[in-house]
Amino acid sequence: MAATLRLEIVTPNAKAYSEDVEMVTLPGVAGEMGIYPNHVPLVTQVVPGEIIARRGGREDLLAIGDGFVEITGERVAIMADMAIKAENIDEAKAEEARQRAEARLAEHLDDEEAAVVKAALAHSLAQLKVKRQHRT
Amino acid sequence: MPSTRDIRRRIKSVKNTAQITKAMQMVAASKMRKAQQSALAGRPYASLMNQVLGNVVYYAGDITDPLMEKREMRSHCVIIVSTDKGLCGALNANLMREAARFERENTVYIAAGRRAAQFLARTKRNLAAEFTYKDAPLFGEARAIMRFARDLFLEGRADQVSVLYTQFISTLTQRPEVVTLLPLSEIKAVTAGVDGVKAPEDLMHGSTEFIFEPTPAQVLGALLPHYLNFQMYQILLEAKASEQSARMVAMKNATDNAHQLIKDLTLEYNKLRQANITNELLEIASAAMAMQ
């Protein structure tokens, strides 16, 4: 019986995270989910939010964007359009990105552009959320 | 026998050509680095996506999606991803040779890149649409191509959708490749095609059924289109990396050849000059002799 899970997070730009963890919490489309080893195989979508990976008594925090997750007994594979470790988040930049995206949303946009801007907004919100919780 | 002036002129013109090809080589080299990087960076995501989709399709069971529907193949849609510009060696020639293999009667083509469109127009094949993509392909561009192809498939105007593109292997090697995108039940071909990932069967031993949250239909409905778009995006990246690599190599060869040519011509020029001087000396000597 595996006591750890292989957590892999990849984005179109890079492999963001690949570690053996004891437990992972992720923002599923139907609510937050905590995954332990030997979870039943499951496929679901993830929404922008925060991932907490518990590894050797420490917690790794990541902000992720939209994506999919595939869970098998020993592996959690997350494909997201964004993934940033908490320590790499630049709060000022994220805040700036959020304001920019909100300003753009107020303008008149076609569907394609609106989708892009909404994704950007969700990304910056997820980053801010992770950063602010991390501090307290 | 060319005069010394003719040779001098040739040398000058070859030098100019060398200068141009050298500049193009430099430009291609810097673009190549960027294109290769983004192509390689996208591969882990693409292969993971492939694995997951392989599992999902394999275990979806009775759940089907219109995108997975397998039909008798009467018409075939082929997306050709070529370059916009030439001067990249045999890249496009190789691609078009593959393109010409599909049957003329029942194949509809979608061109991405101007070279493919020109080829199809020249050979009078059935061109359904033409798309362009930039030096740094955007996800939106891939999505536009895929949306068009998906509509063709869903409306029943094409029973299979394949992509013909140049797979980037290394700076020196690029290989034209055909990958079937739709219907998605043919996912195994895609899995094996992109970067030789294991087929879904070997990945799957041991595990049982998958749970889909919230519902299989919803997960498939989101996953399948995203998978297709991303696959197309990765293909554009691969094609770009191939193009820039091929151009860099072609231009490097051209520059080397030009330098070789300059060397040969300079040698010939010097020989001719020497011969002329010898001739003149002879003439002077013989004239002096005659005077005596």
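These notebook entries record what I looked up in a predicted model with chains A and B.

**Conventions**

I number residues from 1 along each chain as its sequence is written, and I letter chains from A and number ligands from 1 in the order in which they are written. Because the model is predicted, local features need pLDDT of at least 70 and side-chain atom pairs count only at pLDDT 80 or more, while totals for chains, interfaces and linings use all residues; side-chain values use heavy atoms, with hydrogens and water left out.

**Entry 1: chain A**

I began with the secondary structure, in which helices (H or I, at least four residues) and strands (E, at least two) are DSSP runs numbered from the N terminus. Chain A has two helices and 10 strands. Read from the N terminus, their order is β-β-β-β-β-β-β-β-β-β-α-α. The radius of gyration (taken over C-alpha atoms) is set against the globule rule, 2.2 Å times the number of residues to the power 0.38. For chain A I noted 16 Å, close to the 14 Å that the rule gives for 136 residues, so chain A is as compact as a globular protein of that length. Its C-alpha atoms fill a box of roughly 55 × 30 × 25 Å along the principal axes.

I then looked up burial, where buried means under 20% relative accessible area, exposed over 50% and partly exposed in between (1.4 Å probe, protein chains only). Of the 136 residues in chain A, 49% are buried. For contacts (heavy atoms within 4.5 Å), I considered pairs at least 6 apart in the sequence of chain A; 53% of these join residues at least 24 apart.

**Entry 2: chain B**

Chain B holds seven helices and six strands, in the order α-β-α-β-α-β-α-β-β-α-α-β-α from the N terminus. Its radius of gyration is 28 Å, well over the 19 Å that the globule rule gives for 292 residues, so chain B is more spread out than a compact globule. The C-alpha trace spans about 115 × 40 × 30 Å along the principal axes. Buried residues account for 47% of the 292 residues in chain B. Among its contacts with a separation of 6 or more, 75% are between residues 24 or more positions apart.

**Entry 3: contacts of single residues**

I looked up Gln25(B), which lies in helix α1 (residues 4–59) of chain B. Gln25(B) counts as buried, at 10% relative accessibility. Beyond residues up to four places away in sequence, Gln25(B) touches Met248(B), Met251(B), Lys252(B) and Thr255(B).

Ala222(B) belongs to helix α7 of chain B and is partly exposed at 23%. Apart from neighbours within four places in sequence, Ala222(B) is in contact with Gln45(A) and Phe68(A).

**Entry 4: salt bridges**

A salt bridge is a side-chain nitrogen of Lys or Arg within 4 Å of a carboxyl oxygen of Asp or Glu. My search of the whole structure gave 21 over all chains. One of them joins Glu8(A) and Lys15(A) at 3.4 Å, N to O. Glu8(A) is buried at 14%, whereas Lys15(A) is partly exposed at 48%. In chain B, Arg157(B) meets Glu155(B) at 3.3 Å, and Glu155(B) is exposed at 53%.

I also noted Arg247(B) and Glu243(B), whose closest N and O atoms are 3.1 Å apart. Both residues lie in helix α7 (residues 216–291) of chain B, four residues apart, about one turn of the helix. Both are buried. Salt bridges with shared partners join Lys31(B), Asp135(B), Lys240(B), Glu243(B) and Arg247(B) into one network.

**Entry 5: the largest pocket**

On a 1 Å grid over the protein atoms alone, a pocket is an open set of points where a 1.4 Å probe fits, with protein on both sides within 12 Å along at least five of seven lines; lining residues have an atom within 4 Å of a point. Volume is the space filled by probe spheres set on the points, which are joined across faces, edges and corners. The largest pocket has a volume of about 1100 Å³. Among its 34 lining residues, Asp81(A), Ala119(A), His123(A), Phe139(B) and Arg143(B) are the closest to its centre. The largest share of the lining, seven residues, comes from α2(A).

Phe139(B) is in helix α4 of chain B and is partly exposed at 25%. Outside its neighbours within four places in sequence, Phe139(B) is in contact with His226(B), Asn229(B), Phe230(B) and Tyr233(B).
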